[in-house]
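Visitor: Could you take me slowly through one part of this protein? I'm new to reading structures, so please explain the terms as you go.

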Amino acid sequence: MRKTTSFAKRALAFAVVAAGLTGLVLALAPWTVSSDALREAVARQLERELAIAFPEAGRTTIAFLPTPRVKFEDVALRSLDGTEIARGGALRGQLAWGPLLYGRIQITDASLSQSRLSIAIDEAGRSPWDAVVRSLKARIAEGGEPAVESFGLFGSTLVYTDAATSRREVVRNVDVTLSWPDPGGAASLIGTAGIRGELVQISLSGLSPAALASGARSPVDLRLSGRLGRLTVTGTIATGRDSPWLTGRVAFETRSARDVLAWSGLRLPLGPLLGPVSLDGEANGAGRTLSFNTLRLTLDGDRLDGALAARFQEERIAISGTLAAETLDLTRYVAPVIEATDPASSLRYAPLTLSQHTAADLDLRLSATAAEIGAARLSELAMSVLVAKGRVETSVSRARLAGGELRGRFALADKGGPVEMKLEVEGTQVDLAALGRDFGAPWIAGRAVAEVALAGVGDTSQTLARDLAGFVDVAVGPGEFVGLDLAEALRRFERQPLTATQTLRSGRTPFQEASARLLVEQGVGQILSASFESSQLSGMLEGVISLAERTIGAKAAVESVTPVGEGNLISALTFAFEGPLSDVTLVPDAKALIQRSGAARLLLGAPVEPAAAATPAIEPAAQAQ
């Protein structure tokens, strides 16, 4: 009897354990079901709480442990008017335990994976998602319990279309999770998305949909980052028309603003010239304007402080403001002009257009304690930059250059045909020695007063340069020619004519005053007058300077002020300036040297003539006057 009882107990215990294990396995294992009741229960919840219809699903599986969950494959979601808003992939949901005990299905956490979602805006600005937004607002107003506390999109694609603007965007590889446990509390969004081929990390927190729905302000902390840069927006936002839609701080940083603009499609004035950019400032958004009352802007490592405002118009962005810097390098912004005017550059044959540089408007006042434009070093710079459709204009109202003062204006205009260029520059008391050292050509020293006015039209840099017209006036004094000893050359010319030019490339030639005036026509500057005077010498120059080719072809005549030599005669020497302006060659007048040298004439078989018969190639300066 005892044996029978003991056996029965062991058998009962075994049966209980077996049943428990079997139940556990059955609970853990997902079950494939064909009943439409499960899908219909979920569909009722989606329609009631989100105004989304759930008409289709493929295989359906459900599991109860460790948490109750359901999965629908090959789903289709529609708006209540029948428009499809999502197709394909799997809809997963976590079920609430409480309602499940009473035989009701309620999803608390949901996700959609490998699906394609459509956000279509018609010409009137309506979207099938409007009903979803209205449903969410209604639930917020009711203050009911949260429906779906979190929703995730994984490996999905978003297709956005706007019929009014014909815009279409495709966002791929969307992996984001929206958490909103309390309809009256804050929502957060975190994840990544592939936007125009770039993977962007997204983080949004602190947002209160309830506050926005009621017209109140909501905190916001938005962070976007990727290979191209980082954007941070912190503060408060609102949806009301009568209040600022953003108040807070905006920070942005990129190593290449040009790449960001190409990626985003955003157009900024002088956008193709932008490099590394960062900005950080207190921002205020109202209407279609975003203002920075206190802004720190960094361009290529140079820090600028001030205020900016950007107005988003229908087709263009208009930016205005005032910025100041301690140091500022503007070389990047003038480099295309410098390179296009270089005779050795292929860009001089490229078509000229301002369309990309003037795709947005700019009205900027700029100042800097020290600035660089190529090799030029400026101080106390005050300038303005204006960019409008088809026009770029820069005006320097004040600048210190090499100890002197500089003012000027440079303008380019593109009216759909050839580009028009105007340049006006005035300089006073500019130290040419210091300026020459900066440019690597210190051949003249002295304080200069200069005025330049040039204008031209062309469809390429070459044709524009060949169309230049205007004038150049320069006056210097006192000063000296560096690397030219003309007095010693004249003395040698009297004693040893063939060696007279050996000192042309050495020593110095002081003068009391020197001046030159060029009349420019069709890209060629005709030297109307160019002369210098000193206590010992006077000289003049005549010829042409090609601005298009940057070459010179001129002859100079130098004569002594007082008689020299055995014959007590005025000594004169002539030579030519030839070649590119970057490497001018001095060529002596060989005929005059030979005529002055009796030995050379005998060797050449030429008749011996009196030394007084030597005549300069051009009239000496004193006689010409």
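Guide: Let's start with a word we'll need right away: a residue is buried if its relative accessible area is under 20%, exposed if it is over 50%, and partly exposed in between, using a 1.4 Å probe and protein chains only. Before we zoom in, note that this is a predicted model, where local features need pLDDT of at least 70, side-chain atom pairs count only at pLDDT 80 or more, and totals for chains, interfaces and linings use all residues. Residues are numbered from 1 along each chain as its sequence is written, and side-chain values use heavy atoms, with hydrogens and water left out.

Now the part itself, beginning with Asp414. Lys and Arg count as positive here, Asp and Glu as negative, while His and the chain ends are not counted. A salt bridge is a side-chain nitrogen of Lys or Arg within 4 Å of a carboxyl oxygen of Asp or Glu. Asp414 is buried but has no such bridge. The nearest side chain of opposite charge belongs to Lys415, 9.7 Å away.

What does the side chain of Asp414 reach instead? It goes to the backbone nitrogen of Leu354, at 3.1 Å. That's a polar contact: a pair of N or O atoms within 3.5 Å, where, within protein, one must be able to donate a hydrogen and the other to accept it, and residues adjacent in sequence count only if both atoms are side-chain atoms. Contact in the plain sense means heavy atoms within 4.5 Å. Leaving out residues up to four places away in sequence, Asp414 touches Thr353, Leu354, Ser355, Gly390 and Val419.

Asp414 belongs to strand S24, which covers residues 404-414. The labels come from DSSP runs, numbered from the N terminus: helices are H or I runs of at least four residues, and strands are E runs of at least two. Arg409 is in strand S24 too, and here the charges do pair up. Arg409 makes a salt bridge with Glu424, with the closest N and O atoms 4.0 Å apart. That pair links distant parts of the chain, since Glu424 is in strand S25, 15 residues away from Arg409. Both partners are partly exposed: Arg409 has 22% relative accessibility and Glu424 has 41%.

Arg409 also has a polar contact of 3.0 Å with the side chain of Glu393. Glu393 is in strand S23, and with 15% relative accessibility it counts as buried. Apart from its neighbours within four places, Glu393 is in contact with Ser384, Val385, Leu386, Arg409, Phe410 and Ala411. Put these together and you get a network of salt bridges linking Arg391, Glu393, Arg409 and Glu424.

Strands S23 and S25 turn up again around helix H8. H8 runs through residues 432-439, and Leu432, Ala433, Ala434, Leu435 and Gly436 in it are buried. What covers those buried residues includes strand S23 (391-401), strand S25 (419-431), strand S26 (444-458) and strand S27 (469-482). At the start of H8, a side-chain oxygen of Asp431 comes within 3.0 Å of the backbone nitrogen of Ala433. After H8 comes Gly440, with a positive phi near 75°.

Carry on along the chain and you meet some rings. Rings of Phe, Tyr and Trp (its six-membered ring) pair if their centres lie within 6.5 Å; planes under 30 degrees apart count as stacked, over 60 as edge-to-face and the rest as tilted. The count by this rule is 6 aromatic pairs. In one of them, the ring centres of Trp443 and Phe481 are 6.4 Å apart with the planes at 5°, so the pair is stacked. Trp443 sits in the loop between H8 and S26, while Phe481 is in strand S27, 38 residues apart. Phe481 also pairs with Phe511: their centres are 4.9 Å apart and their planes at 45°, so this pair is tilted. Phe511 is in strand S28 (residues 508-511), 30 residues from Phe481. Both are buried, Phe481 with 12% relative accessibility and Phe511 with 2%. Trp443, Phe481, Phe511 and Phe532 form one aromatic cluster.

Strand S27 holds Asp473 as well, and its partner Arg517 is in strand S29 (residues 513-521), 44 residues apart. Their side chains meet in a salt bridge, 2.3 Å from N to O.
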